Amino acid sequence: MIGEFLYRLVEQVEPFFTAKITGMLLEIDRTELLRLMESPRALREKVKEAIEVLRDWIPQTEAYKLQASMLLHKL
């Protein structure tokens with residue numbers, strides 16, 4: 001249930017990487033997770049951190065493919 005609720009919150013902040021970021025957030029301490037679910041500002045900051053981690057994690061060649069697919073997705 002927490003995952004489903006968190007998914008909906010994350011989707012409002014970052015719809016493209018919702019599933020990956022939700023999974024990342026479910027790994028943190030439950031107390032911190034509940035705080036994020038109660039504070040939209042804190043959630044946005046944590047999602048921003050997760051996006052930075054993902055950006056650093058994706059190899060450059062994959063990043064170009066991802067950017068291209070995101071562009072096509074928006075058309």
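Here are a few notes on how the helices of this predicted model pack together.

1. Ground rules first. Residues are numbered from 1 along each chain as its sequence is written, and side-chain values use heavy atoms, with hydrogens and water left out. Because the model is predicted, local features need pLDDT of at least 70 and side-chain atom pairs count only at pLDDT 80 or more, while totals for chains, interfaces and linings use all residues.

2. The largest nonpolar core (buried Ala, Val, Leu, Ile, Met, Phe, Trp, Tyr and Cys residues joined through side-chain atoms within 4.5 Å) has 14 residues. Leu6, Val10, Ile21, Leu25, Leu43 and Val47 have the most contacts inside it. Two or more residues each come from α1 (2-13), α2 (18-25), α3 (30-38) and α4 (40-57), helices being DSSP runs (H or I, at least four residues) numbered from the N terminus. The largest share, five residues, is from α4.

3. Take Val47 as an example. Leaving aside neighbours within four places in sequence, Val47 is in contact (heavy atoms within 4.5 Å) with Val10, Val13, Glu14, Ile21 and Leu25.

4. Now α1. Leu6, Leu9 and Val10 are buried there, meaning under 20% relative accessible area, with exposed being over 50% (1.4 Å probe, protein chains only). Seen down the helix axis, the buried residues of α1 fall within an arc of 95 degrees (using directions from the axis to the C-beta atoms), so they line one face. They pack against α2, α3 and α4. Glu4 and Gln12, on the other side of α1, are exposed.
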